[in-house]
Structures are given as structure tokens and as C-alpha cells.
Amino acid sequence: MMTRKTALSLLMGASFLMSGTATTVMAADGAALAKDKCESCHGENGNSEKKVPSIAGFSAPYFIQTMEDYTDGERTGEKFKTEGEDETDMNAIAKALSADDLKALGDYFAAQTFVPRIQEVDAALVKKGKRIFRKCKKCHTDEGANPEDDASILSGQFMPYLETQIKQFVSKDRKSHSRKMLKKLKKLDDEDISAVVNYLASPK
Ligand code: HEC
Ligand code: HEC
């Protein structure tokens, strides 16, 4: 015969299992969300072939911070239209996601591999940019390829995007979380910016 204690623990076990199942069913599925809501612009697994940045391999903390910056309006995303869909921007896209969605998407993209884009670069600018990038290495390690910096992945990123972001930091249209970076970016003229962008896009 079952003792009261066993019956109780069995019951508790059953409800624990049930709530466990319920959480699994309700938890956001990062891969499915990415396919449904991000792939049309950011490409399969977050490696974009469009005029938008790639986001594959970003660290989850940088990803979440960035999405929160779009939600709070600290960053204004450029409007973008993909074939067969309405024009939208990252602020509207980020606002429509729950905290659970963000966590699932952050984990999903962090587990993908960033594929550097093949882009045409100017050899003289690459050389100049490599020198300028010495000022950036403290925070952007592995020549800007290390997601663990929690400062995006710069190496192999879409060139026009990199250029726009640097100019937006300087004009304060995008708020930087790093005052030290801003001090360094402010010293760059247009050719320096172009050089550093060419360097970042060059194969390493
Ligand atoms: C309609 C096209 C479009 C869709 C759909 C889209 N994005 Fe974006 N995304 C962009 C564009 C354009 C940018 C560059 C925005 C800017 O100017 O800041 C961007 C930028 C980003 C960035 C910042 C990248 C960086 O280097 O800091 C992240 C993160 C991001 N998107 C995540 C997502 C996620 C997650 C989804 C799906 C839930 C998504 N995006 C859906 C177009 C899109
Ligand atoms: C003191 C640390 C630090 C230094 C030095 C630094 N950065 Fe950054 N950088 C960051 C952080 C942190 C971010 C994440 C974005 C933010 O600040 O909101 C970032 C983001 C960026 C981005 C935006 C990436 C994206 O995907 O949107 C670019 C481009 C960039 N840095 C370029 C540079 C360049 C070029 C230099 C050197 C001239 C440099 N940074 C020096 C810390 C630094």
C-alpha cells in the first residue's frame, strides 16, 4: 500500500513534470523565430546577402543590448524594404518581441557561425586602415572578429553599414556605450573612416 508521503511526492512529481512540459511548449523557439521574422533581411542563420548587417555569431549580451537600444530608441534603425514585404525598421521589429523571444534569438544567433562577406577593397586603404585599427584593438580583439568582446563583429561586416555606424556614433545619431571609443572615432576624417572600413572588410 502507498504511504501518504509517497502519494504526495508522486503528485508533486507529476505536477512538476507537467509544469516542466508547459514551460518547454511555451518557451520561444529561437530558430523558428529567426526564420519567420529575421531571415528575409538577415539571411539564413544571420549571414546576410542584402544591404543589411550580418548578425550570425554575435554574443548574446551584445545582441540583447542592441535590441534593447532599438526598443528604447537609443538607436534608430534605417528603414528597409525586402521584396514582397512592407518597409519597416529595427525599432518596430525589436518592439514587437518579448523578453523571452529576445533571449531565444540571442542564444540562437550566438550559436551560428559568422561568415565574412566577400567585398571589393582598395589595397592602399586596407594598408592605411590596418594602422588606424591599432587604436581599436583594445576593445575589438582578433581584428574585430571576436564576439566575446561584446562589441559586435566588425571583421567581414557589410562595408556601407560599418561606415554609417561610425559616422552615426560621431554625429551622436547612435549613442555609443563607450566614451573611449567615441574619443577615438572623433579623430578620424572621412578618408580614415573609409580606410578602417576597407581594412575590416579585407580577408585576414
Ligand atoms: C526588413 C528587414 C529586416 C528585418 C526583417 C530584420 N532586420 Fe535587423 N536590421 C535590418 C537593418 C536595415 C539593420 C541596420 C539598422 C540600422 O541602421 O541600425 C538591422 C540591424 C540589426 C541588428 C544590429 C546589428 C549590429 O551590427 O549591431 C540586429 C542585432 C538585428 N538587426 C537583429 C534582427 C533580428 C533579431 C530580427 C528578427 C526578429 C531582425 N533583425 C529582422 C533589417 C532587418
Ligand atoms: C574602449 C573600447 C572601444 C574602442 C577603443 C573602440 N570600440 Fe568600437 N565598439 C565598442 C563597443 C562597446 C561597441 C558596441 C556598441 C556600443 O558602444 O554601443 C562598439 C561598436 C563599434 C561599431 C559598431 C558595430 C555594429 O555592428 O554596429 C563599430 C563600427 C566600431 N565599434 C568601430 C570601432 C573603430 C573603428 C574603433 C577604432 C578607431 C573602435 N571601434 C574602438 C568599444 C570600443
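Colleague: Which protein donors does the iron atom of ligand 2 have?
Modeller: This is a predicted model. In it, His-140 (NE2) and Met-181 (SD) are the protein donors of that iron atom, lying 2.0 Å from it. His-140 sits in the loop between helix 7 and helix 8, and Met-181 in helix 9 (residues 179-186). The pair links distant parts of the chain, 41 residues apart.

Colleague: Why is the arrangement around the iron atom of ligand 2 called octahedral?
Modeller: Start with the ideal: six octahedral donors give angles of 90 or 180 degrees. Here the 6 donor atoms subtend angles of 86 to 179 degrees, so the arrangement is octahedral.

Colleague: What are the protein donors of the iron atom of ligand 1?
Modeller: His-42 (NE2) and Met-90 (SD), lying 2.0 to 2.2 Å from the iron. His-42 is in helix 3 (residues 39-42) and Met-90 in helix 5 (residues 90-95), so the pair ties together parts 48 residues apart in sequence. The site of this iron atom is octahedral too, with angles of 87 to 178 degrees among its 6 donor atoms.

Colleague: How many salt bridges are there?
Modeller: Side chains of opposite charge can pair when their charged atoms come close. The count comes to 8 salt bridges. One of them joins Lys-128 and Glu-191, with the closest N and O atoms 2.6 Å apart. Lys-128 lies in helix 7 and Glu-191 in helix 10 (residues 190-201), so this pair ties together parts 63 residues apart in sequence.

Colleague: Which residues gather in the patch of positive charge on the surface?
Modeller: Lys-135, Lys-138, Lys-180, Lys-183, Lys-184 and Lys-187. Lys-135 is in the loop between helix 7 (123-132) and helix 8 (159-171).

Note on methods. Residues are numbered from 1 along each chain as its sequence is written. Chains are lettered from A and ligands numbered from 1 in the order in which they are written. This is a predicted model: local features need pLDDT of at least 70, side-chain atom pairs count only at pLDDT 80 or more; totals for chains, interfaces and linings use all residues. Side-chain values use heavy atoms; hydrogens and water are left out. Patches are made of residues with over 30% relative accessible area and no salt bridge: like charges are joined within 9 Å, nonpolar side chains (Val, Leu, Ile, Met, Phe, Trp, Tyr) within 5 Å. Accessible areas come from the Shrake-Rupley method with a 1.4 Å probe; for residues, only the protein chains shown count as cover. A salt bridge is a side-chain nitrogen of Lys or Arg within 4 Å of a carboxyl oxygen of Asp or Glu. Lys and Arg count as positive and Asp and Glu as negative; His and the chain ends are not counted. The place of a charge is taken as NZ of Lys, CZ of Arg, CG of Asp or CD of Glu. Helices (H or I, at least four residues) and strands (E, at least two) are DSSP runs, numbered from the N terminus. Donors are N, O and S atoms within 2.8 Å of the metal (3.2 Å for Na, K and Ca); water is not among the atoms, so sites may look incomplete. Four donors count as tetrahedral if all angles lie between 85 and 135 degrees; four count as square planar and six as octahedral if opposite donors are over 155 degrees apart and all others between 65 and 115; anything else is irregular.
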